[in-house]
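Hi,

Here is the structure I said I'd send over. Have a look at it first, and my notes follow underneath.

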Amino acid sequence: MKIKFRCVKELVDGIALLAPELGVTVCDDADVVVTAKRSEESILSVSYSNNKATITYGDGKARFFRGLAYLVDAIKRGEEKLTLSESPIFKTNGAMVDMSRNVVMNVKTVKLMLRKMALMGQNMFMLYTEDTYEIEGRPYFGHMRGRYTKAEMKELDAYAQKLGIEMIPCIQVLGHLATHLHWGAAAPYRDTKNVMLVGAEETYKLIADMFRTVKECFTTRRVHVGMDETNDIGRGKYLEIHGLRNQDDIYFEHMARVIEMARAEGLEPMMWSDMFFRLAGKDLENYTDYDVRVQFSDEVKAKVPKGIQQVFWDYYRDNEEFYAINIDKHHEVFGKDTLFAGGIWLWSGHGPLFSRSLKFTIPALDACKHKGVSEIIATIWVNGGESDLILSLAGLCWYADYDYKGGFSLESAKECFRITCGANYDDIIKTELCQHPDGSDVSLCRAMLYNDPLIGLIDAHIDELDTVAYYKDASEKMADHGDLGIFAEAYEVTQKLTSLLENKANFGVRLKSAYDSGTRDALVPFIDECDVMIAKMKDFREAHMKAWMLHNKPLGWEANDMHYGATLARFETTKARISAYIKGEIDTIEELEEERLYRFGGKGFDGNFVWYLYSSYTTVNRQD
C-alpha cells in the first residue's frame, strides 16, 4: 500500500520506523493520502473515505500511530470508509519490563516491543535494570550479566522518542542488588547480600554514578529508584558498625539523601510505595502488602518525602474495592500523581499466566478510571527468565484498548492485538496451557519440569491428577493455530514443553507405583520412556535456546543450560538405576523406597511451594 502523508514534522521519523511494520510505502505517487492534525485535547479520531484520511490526535505521537494502525488495517480489509473516535482516559499507559532476572532483551527486540506498543497507542516504556546497565569505571557492575551499554541505552531512548514513547530508567538504589553485591569489589558498600550500606560514602558515590549515567542516556528526567523489599536493612555490616538501630530510621535517612542527590542532577525520582504501607501497618496481625486495614498516623505522614512520585503496585487482587481504597489512601497521603502498576504474569514459568493476569487487571483499571488515576503501567517481571517477554504483548493490548475505549471488551482487545501484532490472540494465549493441569490459574509447569524423576518431591501432590490426558489434549490444541508471526519461536517453546510434560509431569508417580508393585518387569517400559523424555527434553531445550538467542542477549542463558542439563543427567541416572534393578545388580532402588510426603503438610500447591522446587532444583540436599 502506498500512502502520502501530510503531517506535522514530529511524526516523520516514527512513520519511517512503522511503515515496514504496517506494510506501507511512503511516497508522493500514492493510493491514499493521510493528513495528520494535532489537537490540544487528548483525543484520537480517524476519518477515511475516497482514498483520503484525516487522523486528529492530541497529547503525544503514540495517539497518531494507533490511529494509523487502525486506518491501514481497514484499508487492507477493503473498507471504503472508516470513522473512529476515541478519548484516552489515561495520560500515561505503558509497561515496565524486567531486564534483570537472567533475561536482558537485545536491542532489536526492545525496538520490536516499542513499535508494537506505539501502534497500540501506548506512550511509556520503563526499562527495569538493577545492575544490567553500564556505569563507566565500574567494571563489576553488571559483569557477565548482559548489561546494556551506554550507547545501547541512548539508541533505545532515541528510538522510543521517535515513536512518542517516554523511556524511563528503573533502577535500584538500596536493595535488589545481590547480583552486584556478591563481588569483592562491592564490599565497601555492602550491608547484607541484597542491600547497600547506608551511610557509607562509597554507597553514595555509586548512586551518584548511577544518576549521572541515566541522566546522560535518557531524555526523560524521570527515574524510578525502586527502594522496595529491603527488610534486612541495617542487619549486616551496618549493625557491626553502628549497632542496632530502628530500620525505619535508617531507611528514611537514606531516602532523604537519595532524593536530594537526584534533584541535584535535575532528576525527578519515583519509587514503589509499599514500604510506607508496611511502616503504617507494621502492628497489624498477618499484614499483607497494601492491607486495606492500614491507617496512616500523623507520625508516618510526617516521614513521607515531598515531591517523589509514588508507584502503587499490585497484581494479586480481583476486586475493585481493594484498589479503590488504596488509591484513595495514596491520594490522601502522597498526592494525586500516583502511578498504578499492574502486572502481566510472566514470572511463574515458561508460559504466561494470562487468565490470572486478566482477572486482576480489569478490576484495577476500573478503580483507576473511577478514582482519576492518570498514569498506569503493566509490570512484566521474569524472576528466572524462562518466559519469552514478547508474549506480554497479548496482555498489553488489554491496557491499551481499555485506555482508548474507556473500559474493557475482550473482543475489542483481541482486535487491537490482531491489528497491531499481526497474530490471532486466541492462538497466543494457548502458551498458557503448559502451566496448570490442575485447572487452577497458578503455575505448576516449573514444578513438573524440574521435579526429580527418582526423588519426586511433588509426587504426593499430583498423584491424583491425570496429567497425561491433560497434556495430550493441550498438545492437540496447540497444534491447531494460524500464522504466529513474530511469536512463532516463543510459541514453539511452550508447545515443546507441553509435549514433554505428557510424559514427564507424572513420570515419578507412575514409576513409584510400578516399583511398589514388587514386579521388576513392571519397570521395563520406563527405560524406553526415559529415552523418549531425553529426546523430548533436547528438542525443548533447542527450541528454547533458539527463541532466547533471537530475542535476548546470550548472557543469562547459562542458567537454563544448568537446569536442563541437570534434568537430562537425572534421566540418564534414572535409566541406569532402573536397568540395574531389572538386571538384579541391585536389590532395591533406594530413592523409590522412600515415602512421598507433602511438602508443606498439605496436598495443595501454593506459590511458596512451587518457588521452592525451582530455587532448590528439586532436592532437599542442597545447602546455600
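**Phe417 and the core**

Setting aside neighbours within four places in sequence, Phe417 touches Leu393, Ala394, Cys397, Gly422, Ala423, Asn424, Tyr425, Ile428 and Phe487. Before you read too much into any of this, bear in mind that the model is predicted.

Phe417 also turns up in the bigger picture: the largest nonpolar core has 212 residues, and Phe417 is among those with the most contacts inside it. The others in that group are Phe64, Phe125, Met210, Phe211 and Leu396. As a general point, nonpolar side chains in soluble globular proteins tend to be buried together.

**Cysteines**

How many disulfides does the count come to? It comes to 0. Take Cys445 as an example: its closest cysteine sulfur is in Cys434, 4.3 Å away, and a disulfide needs the two sulfurs within 2.5 Å, so that pair is too far apart for a bond. Cys445 is also buried, at 0% relative accessible area. Cys530 is buried as well, and its relative accessible area is likewise 0%.

**Two helices side by side**

Cys530 aside, have a look at the packing of helix 19 (residues 488-504) with helix 21 (residues 524-551). Their axes are 9 Å apart and the angle between them is about 165°. Angles over 145 degrees count as roughly antiparallel, so helix 19 and helix 21 fall under that heading. The crossing of helix 19 past helix 21 is left-handed.

If you want to find the contact on screen, residues to pick on the helix 19 side include Glu489, Val493, Lys496, Leu497 and Leu500. On the helix 21 side, the residues they meet include Val532, Met533, Lys536, Phe540 and Ala547.

**Two odd backbone angles**

Most residues other than glycine have a negative phi. Two loop residues caught my eye here.

- Asn51 has a positive phi, near 65°, although it is not a glycine. Asn51 sits in the loop between strand 4 (44-49) and strand 5 (52-58). With 42% relative accessibility, Asn51 is partly exposed.
- Met227 also has a positive phi, near 70°, and is not a glycine either. You'll find Met227 in the loop between strand 10 (222-224) and helix 7 (237-242). Is Met227 buried or exposed? Met227 is buried, with a relative accessible area of 1%.

Cheers

Notes: Residues numbered from 1 in each chain as written. Predicted model: local features only at pLDDT ≥ 70, side-chain atom pairs only at ≥ 80, totals over all residues. Heavy atoms only, no water. Core = buried A, V, L, I, M, F, W, Y, C linked by side-chain atoms within 4.5 Å. Buried < 20%, exposed > 50% of the residue type's maximum accessible area, 1.4 Å probe, protein only. Contact = heavy atoms within 4.5 Å. Axes fitted to C-alpha atoms, helices over the stretch in contact; angles between N-to-C directions. Helix = DSSP H or I, 4+ residues; strand = E, 2+ residues; numbered from the N terminus. Parallel < 35°, antiparallel > 145°, perpendicular 65-115°, else oblique. Left-handed = near helix turned anticlockwise from the far one by under 90°.
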